[in-house]
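Let's take a walk through this structure together, one piece at a time. Keep the picture open as you read.

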Amino acid sequence: YCNQALALLQLDRHHIALKKIDESLKLAPNEWFFNANKACCLADMGRYDESTPYFEKALSNKQCNKEVEVDYFHALAFQKNYNEAWKHYESRYDCYSSLINYMKKHNLERPKKLTKDMEICVFMEQGTGDNLMFLRFMKEFQDKYKNSYFATNENFKEICSGIRVETEIKPTTKYGISILSLPYYLKIGRA
């Protein structure tokens, strides 16, 4: 049933896919994969609030893939529940191969907790549009963490007025975070 549902989702036939997923859930109501697929199907249909319990049930299973947590971020963000959303977006450090490889290549660790005196490299992730959108948080982050810098290319450097920029990661830098993580570390949207 679930395999049929996945094919139907590709054909943009969400209502029929949802019925197939429900059949799989009748057979195995606690299966994380089935719950995740129902959550994603509902979210694709714009039924974000209905998707939440299925995301939570899927994520409560330790076998659940981390990509599901990123999908949950999107559903929460569409509901403007940023307090909860940003922490789920951080799971991409465990499942996005490009991000994992970047951290390994540059011998960077993601800090568990930031301190004011910590040297932190903030680096670009994903496409230019995402980096431009999240650049607005850089000044606030650098005001709070004085030893942080933005590692970027020469072309992007030109638009970084008032921001500490490096075109190479310093050899002394142990900690790195993506520019897309700045809302999480700045607690954007939290009371």
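From helix α1, the residues C2, Q4, A5, L8 and L9 meet H14, I16, A17, K20, I21 and S24 of helix α2. Sorted by class, that contact has seven nonpolar, three polar and one charged residues. Bear in mind that what you're looking at is a predicted model. Helix α1 covers residues 2-10 and helix α2 covers residues 14-27, and the two pack at an angle of about 165° with their axes 8 Å apart. An angle over 145 degrees counts as roughly antiparallel, so that is how α1 lies relative to α2. As for handedness, α1 passes α2 in a left-handed crossing.

Now move along the chain to another pair of helices. Helix α4 (residues 48-59) packs with helix α5 (residues 66-78) at an angle of about 155°, and their axes are 10 Å apart. These two are therefore roughly antiparallel to each other as well. On the α4 side, the contact is made by Y48, S51, T52, F55, E56, A58 and L59, and on the α5 side by V68, E69, D71, Y72, A75 and F78. Broken down by class, there are eight nonpolar, two polar and three charged residues in the contact of α4 with α5. Here, too, the crossing is left-handed where α4 passes α5.

Next up is the sheet. In what order do its four strands run? Reading across this open sheet, you get β3-β2-β1-β4, with parallel pairing. The edges belong to β3 (165-166) and β4, and each has a single partner strand, so one side of each is left without a neighbour in the sheet. In general, the strands of a sheet pair through backbone hydrogen bonds, either parallel or antiparallel.

Let's go through the pairings. Strand β1 (residues 120-123) and strand β2 (residues 148-151) pair in the parallel sense over four bridges. Along that pairing, I120 stands opposite S148 in β2, and F123 has A151 in β2 as its bridge partner. With strand β4 (residues 175-178), β1 also pairs in the parallel sense over four bridges. There, the bridge partner of F123 is S178 in β4. So F123 is a handy landmark, with A151 as its partner in β2 and S178 as its partner in β4.

Moving the other way across the sheet, β2 and β3 pair in the parallel sense over two bridges. In β3, F150 has V165 as its bridge partner, while A151 has E166.

What about the two faces of these strands? In β1, I120 and V122 lie on one side and C121 and F123 on the other, and all of them are buried, which leaves both faces covered. In β2, S148 and F150 point one way and Y149 and A151 the other way, and again all are buried.

One last stop is R92, which sits in the loop between α6 (82-89) and α7 (97-105). Is R92 buried or exposed? Its relative accessibility is 0%, so R92 counts as buried. Who keeps it company? Leaving aside neighbours within four places in sequence, R92 is in contact with V70, L99, E125, Q126, S178, L180 and S181. You've already met one of those residues, S178, as the β4 bridge partner of F123.

Key. Residues numbered from 1 in each chain as written. Predicted model: local features only at pLDDT ≥ 70, side-chain atom pairs only at ≥ 80, totals over all residues. Heavy atoms only, no water. Buried < 20%, exposed > 50% of the residue type's maximum accessible area, 1.4 Å probe, protein only. Pairing = 2+ DSSP bridges. Contact = heavy atoms within 4.5 Å. Axes fitted to C-alpha atoms, helices over the stretch in contact; angles between N-to-C directions. Parallel < 35°, antiparallel > 145°, perpendicular 65-115°, else oblique. Left-handed = near helix turned anticlockwise from the far one by under 90°. Nonpolar A, V, L, I, M, F, W, Y, C, P; charged D, E, K, R; others polar.
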